[in-house]
Amino acid sequence: MNYNFNQLLQLSSKKTRLIIGLMSGTSLDGLDIALCKFEGAGSDTKIEVIHFETIPFNHFFKKEVQSIFSKKMVDLEKVCLLNAWIGSEHAQMINDCLIKWSIKNENVDLIASHGQTIYHAPKHLHQLPEFGNATLQIGDGDHIAVKTGILTMSDFRQKHIAAGGEGAPLAVYGDYILFSKKNENRILLNIGGIANFTFLPGNLNANEMFSTDTGPGNTLMDAYVQQNFEGMSYDKEAVFAKQGNINKELLFELEQHEFFNAPLPKTTGPELFNIEYLNNALKRTNNVHLSNYDVMATLNKFTANTISTAIQKSMHTNNFVVYSSGGGMHNPLMMEHLQNDFPNIHFKTTEELNIHPDAKEAVLFAVLANEALCGGGTNFGKGIPNVSMGKISFPR
Ligand SMILES: Nc1ncnc2c1ncn2[C@@H]1O[C@H](COP(=O)(O)OP(=O)(O)OP(=O)(O)O)[C@@H](O)[C@H]1O
Ligand SMILES: [Mg+2]
């Protein structure tokens, strides 16, 4: 048998596995690196997050990714170059982290790499009848595997599309495996660039579970800050939004999009929710005069409203607990809006489930890799493609 396959076989039968989960979302803030220790798979999964760090992207990295990110027309040569380069850069960030954590590369069993999304095009976005759902993550896994010397799984989303999904949200798999709890209805809410949630019923009936994007998370607020507040990349602690007033007309216009009325589950991205989306809404208000702070206050409320409305529309009970994660949960004003929309609901964070809220998405990709390697027996219920995801890159 080829050396690589022999290694793979041995790994799948190891009692415990060290898996690095990687996440770099649409916010382009940094690479989340979570080193996790796994035992078991499926509903028997035991996980411990041993180390977690977000490595911020430098200006050059951000600029290069932004040159092709969520744009319809790009330099194809740049896409080709960045596919290899991002893989290699991510590998370097992992190698640096492992040195910092005093962990030898050879002691890590597997890397689960999400890659960098450069375009997400579900059917409802592109509306071309000849084509189906599509998404593209780059930063090829072969470069990570060779440069770190660690077996790597990557490109998790294509299989989900091939099996009938939109390639997102994939959080539902890990959420169900790690966080399902008998007798507690749970909503796992992640507010990254885009916001999404998973409903985990307390009766543990997988057929009642569902997951969906709700619309923008931080993406519109980030884009507006980057355009209008020099040197800033996001509204830290909502200091800008707190200085403005919510404008009802703009709020109304922002909420006018068929995405919000489309049935669940649905997915989206900055291809739709971007500065142009805001500018079009502003135009429809006949350009009422607003300060930058007013726009921020309105975008903040809009984001919270889209999350609340999606939850209200899909939940048939008021008996649930929300566990938040992702950068948006650090936005105090948005969390206040959400709490006001659900005065009787407990808002907690995934910290209470032993997973650092900033690490959660990276951890969930490590779970997908663990499942691909040793799981496969879990029934995720109807409507959720039951497939094992991730492509394998051998280090040699
Ligand atoms: N202290 C804070 N105050 C306000 N907003 C914050 C704070 N910390 C982080 N954020 C927001 O969180 C964003 C980063 O979130 P996160 O890393 O979860 O998103 P992501 O990388 O796009 O991942 P995902 O794939 O989950 O969408 C930042 O761009 C910022 O908008
Ligand atoms: Mg991030």
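The following dialogue asks how certain descriptions of this predicted model are reached.

Biologist: How do you know that ligand 1 lies between domain 1 and domain 2?

Modeller: The domain assignment gives domain 1 as 3-167 + 359-380 + 389-393 and domain 2 as 171-353. Both domains give residues to the shell around ligand 1, so the ligand lies between them.

Biologist: What makes a residue part of the surroundings of ligand 1, and how many residues are there?

Modeller: The C-beta atom of the residue, placed from the backbone, must lie within 6 Å of the ligand. By that rule, 22 residues surround ligand 1. The closest are Gly25, Ser27, Gly192, Gly193 and Gly327.

Biologist: What is the character of the shell around ligand 1?

Modeller: The shell is made of twelve polar, six charged and four nonpolar residues. Glycine is counted as polar in this division.

Biologist: How do you know that domain 1 and domain 2 are in contact?

Modeller: Two residues are in contact if their C-beta atoms, placed from the backbone, lie within 7 Å. Here 26 residues of domain 1 are in contact with 26 residues of domain 2. The centres of the two domains, taken over C-alpha atoms, are separated by 24 Å.

Biologist: Which elements supply the side of domain 1 that touches domain 2?

Modeller: At least two residues each come from β4 (110-121), α4 (123-126) and α13 (360-374). The element that gives the most is α13, with seven residues. On this side of domain 1 there are ten nonpolar, eleven polar and five charged residues.

Biologist: Let us turn to the helices. Why are α11 and α12 called oblique to each other?

Modeller: Helix α11 (residues 292-314) and helix α12 (residues 332-341) pack at an angle of about 40 degrees. Angles under 35 degrees count as roughly parallel, and 65 to 115 as roughly perpendicular. The angle of about 40 degrees falls in neither range, and α11 and α12 are therefore oblique to each other.

Biologist: What else describes the packing of α11 and α12?

Modeller: Their axes are 9 Å apart, and α11 passes α12 in a right-handed crossing. Asn300, Lys301, Thr303, Ala304, Ile307 and Ser308 of α11 meet Leu333, Met334, His337, Leu338 and Asp341 of α12. These residues divide into five nonpolar, four polar and two charged.

Biologist: How do helix α3 and helix α5 cross?

Modeller: The axes of α3 (residues 76-100) and α5 (residues 141-148) come within 7 Å and cross at roughly 35 degrees. The crossing of α3 past α5 is right-handed. On α3 the contact is made by Ala84, Gly87, Ser88, His90, Ala91, Ile94 and Asn95. On α5 it is made by Gly141, His143, Ile144, Lys147 and Thr148. Seven of the contact residues are polar, four are nonpolar and one is charged.

Biologist: What is the omega value of the cis peptide bond from Ala168 to Pro169, and where does Pro169 lie?

Modeller: Omega is near -20 degrees for this cis bond. Pro169 lies in the loop between α6 (157-162) and α7 (171-179).

Biologist: Which form, cis or trans, has the peptide bond from Leu264 to Pro265?

Modeller: That bond is cis, with omega near -10 degrees. Pro265 is in the loop between α9 (248-254) and α10 (275-284).

Biologist: What is the phi of Leu28, and where is Leu28 placed?

Modeller: Leu28 has a positive phi of about 55 degrees, although it is not a glycine. Leu28 belongs to the loop between β1 (16-24) and β2 (30-39).

Technical notes: Residues are numbered from 1 along each chain as its sequence is written. Chains are lettered from A and ligands numbered from 1 in the order in which they are written. This is a predicted model: local features need pLDDT of at least 70, side-chain atom pairs count only at pLDDT 80 or more; totals for chains, interfaces and linings use all residues. Domain bounds come from an automatic or database domain assignment. Axes are lines fitted to C-alpha atoms, for helices over the stretch in contact, and angles run from 0 to 180 degrees between N-to-C directions. Helices (H or I, at least four residues) and strands (E, at least two) are DSSP runs, numbered from the N terminus. A crossing is left-handed if the near helix is turned anticlockwise from the far one by less than a right angle, and right-handed if clockwise. Angles under 35 degrees count as roughly parallel, over 145 as roughly antiparallel, 65 to 115 as roughly perpendicular and the rest as oblique.
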